[in-house]
Amino acid sequence: MGLTARVLAVDAGNSKTDVAVLAPDGTVIGTGRGGGFRPPVVGVRTAVDVVAEAVGEAFAAAGVDSVDHVSACLANADFPVEEEQLAAALHARGWGASTEVRNDTFAILRAGVTEPRGVAVVCGAGINCVGMRPDGRTARFPALGRISGDWGGGWGLAEEALWHAARAEDGRGGPTALARTLPAHFGYDTMLALIEALHLEKVEQSRRHELTPVLFATAADGDPIARAVVDRLADEVVAMATVALTRLDLLEEETPVLLGGGVLAAQHPQLTDRIRDLLAVRAPKAVARVVTASPVLGAALLGLDRVGATPEVHERARAYFEG
């Protein structure tokens, strides 16, 4: 199929959706962008409607009305059964002769490797980790927050920072500069004032994520509690990566560990250095690096893998997104 197959690549995250149509030779002939993909909030039909707008834009640019294969990497596809359900919903739209859905973390991983082999840890709003081997074996976590044993992600870090700052101000916890830097970010003098503002929604709940960079800045200034929170995130990243490497029997092989998502892509020195130091002890053959390529590249490469495209076709697609 690789000689004649057109591929539709979809990367649909919580905040935005990117799609691309690839010709059989790997040339990108159409792209589109849409809103966030949030089926738990708006329902599957409405979420797929958002993707459909971006697909329509890409199809119009490419001058096609369908492709041979749809490769979609979607947020909130946390279990295989959800991947199957979402694949059926996308396939029903008639965009391609075949459709495969994966969790969007797989897009980060595939974008960062030359073959489908390695582990990726993504820390954006939440935290997740996946791994894959060329033989089709994968490793993954549910990544549903505390109920699935997760800690970290931008939202979690902001809440942890607020927790420490509140306790520092009222005496239940040790002193930390977070009690000053967090409220100052929103123009308040005290944590009590910020807590009230959050509770009464004078500060929108959606703005809590703004406190994560404040946490890192406070850590960089030497605050012990802020630094401890950053260290704990590094521990979590390495724990997930090491488990995935172990499950895939990759601990004894030189294997890429890709770091993606806004928190890790920012490459905060304390966080990045500790991750590398811990990996050197727990997984000495792991090679950590940050992925900066667009995740839709990963969806495209997974689609090209599926249709049996040649290495030259893969490289042409990669050159477009990395050029």
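Helices are DSSP runs of H or I with at least four residues, numbered from the N terminus. With that naming in hand, welcome to a short tour of this predicted model. Its largest pocket has a volume of about 1600 Å³, its largest nonpolar core holds 55 residues, and a search of the whole structure finds 15 salt bridges.

**Enclosed space**

- Rolling a probe the size of a water molecule over the atoms shows where empty space is left.
- One cavity of 30 Å³ or more is counted, and the largest cavity contains about 30 Å³ of space.
- Arg110, Val113, Thr114, Leu301, His314, Glu315 and Arg318 form the lining of this largest cavity.
- Helix 13 (residues 311-322) gives the largest share of that lining, with three residues.
- Sorted by class, the cavity lining has three charged, two polar and two nonpolar residues.

**The largest pocket**

- At about 1600 Å³, the largest pocket is lined by 47 residues, and the closest to its centre are Asn14, Gly124, Ala125, Gly126 and Ile127.
- Which helix supplies the largest share of the pocket lining? Helix 5 does, with five residues.
- At least two lining residues come from each of helix 4 (105-111), strand 7 (127-132), helix 5, helix 8 and helix 10 (262-265).
- If you are thinking about the chemistry of the pocket wall, the lining divides into 20 polar, 17 nonpolar and 10 charged residues.

**Nonpolar cores**

- In soluble globular proteins, nonpolar side chains tend to be buried together.
- Within the 55-residue largest core, the residues that touch the most other members are Leu182, Leu233, Leu271 and Ile275.
- Helix 9 (residues 224-247) provides the largest share of this core, 12 residues.
- Leu233 makes a good place to start looking: leaving out residues up to four places away in sequence, its contacts are Cys123, Ile127, Trp151, Gly152, Gly153, Leu157, Phe216, Val263 and Leu271.
- A separate core of 32 residues lies apart from the largest one, with Phe106, Leu109, Ala120 and Leu302 among its members.

**Helix 6 and its surroundings**

- Helix 6 (residues 178-185) has Leu178, Ala179, Thr181, Leu182 and Pro183 as its buried residues.
- An α-helix has 3.6 residues a turn, so residues three or four places apart point the same way.
- The cover over the buried residues of helix 6 includes helix 5 (153-170), helix 7 (191-199), helix 8 (211-220) and helix 9.
- Just after helix 6, Gly187 has a positive phi of about 85°.

**Salt bridges**

- Side chains of opposite charge can pair when their charged atoms come close.
- Asp49 and Arg93 meet in a salt bridge through their side chains, at 2.9 Å from N to O. This pair links distant parts of the chain, 44 residues apart: Asp49 belongs to helix 2 (residues 44-62), while Arg93 sits in the loop between helix 3 (80-91) and strand 5 (96-103).
- Buried, exposed or partly exposed: what is Asp49? Its relative accessibility of 34% falls between the 20% and 50% cut-offs, so Asp49 counts as partly exposed. Arg93 is partly exposed at 31%.
- Arg137 and Asp249 form another salt bridge, with 3.1 Å between the closest N and O atoms. Its partners are 112 residues apart, Arg137 in the loop between strand 7 and strand 8 (138-140) and Asp249 in the loop between helix 9 and strand 9 (255-260). Arg137 is partly exposed, at 33% relative accessibility.
- Asp235 and Arg274 also pair through their side chains, at 3.1 Å from N to O. Because Asp235 lies in helix 9 and Arg274 in helix 11 (residues 269-282), this salt bridge ties together parts that are 39 residues apart in sequence. Asp235 has a relative accessible area of 25% and is partly exposed, and Arg274 is partly exposed at 29%.
- Lys16, Asp18 and Arg33 are joined into one network by salt bridges that share partners.

**Backbone points to check by eye**

- Most residues other than glycine have a negative phi, and most peptide bonds are trans.
- Asn76 has a positive phi near 70°, and its place is in the loop between strand 4 (67-74) and helix 3.
- Glu201 likewise takes a positive phi, near 60°; Glu201 lies in the loop between helix 7 and helix 8.
- Is Glu201 buried or exposed? At 55% relative accessibility, Glu201 is over the 50% cut-off, so it counts as exposed.

Key
Residues numbered from 1 in each chain as written. Predicted model: local features only at pLDDT ≥ 70, side-chain atom pairs only at ≥ 80, totals over all residues. Heavy atoms only, no water. 1 Å grid on protein atoms, 1.4 Å probe; cavity = no way out; pocket = protein on both sides within 12 Å on 5 of 7 lines; lining within 4 Å. Points joined across faces, edges and corners; volume = space filled by probe spheres on them. Nonpolar A, V, L, I, M, F, W, Y, C, P; charged D, E, K, R; others polar. Core = buried A, V, L, I, M, F, W, Y, C linked by side-chain atoms within 4.5 Å. Buried < 20%, exposed > 50% of the residue type's maximum accessible area, 1.4 Å probe, protein only. Contact = heavy atoms within 4.5 Å. Salt bridge = Lys/Arg side-chain N within 4 Å of Asp/Glu carboxyl O.
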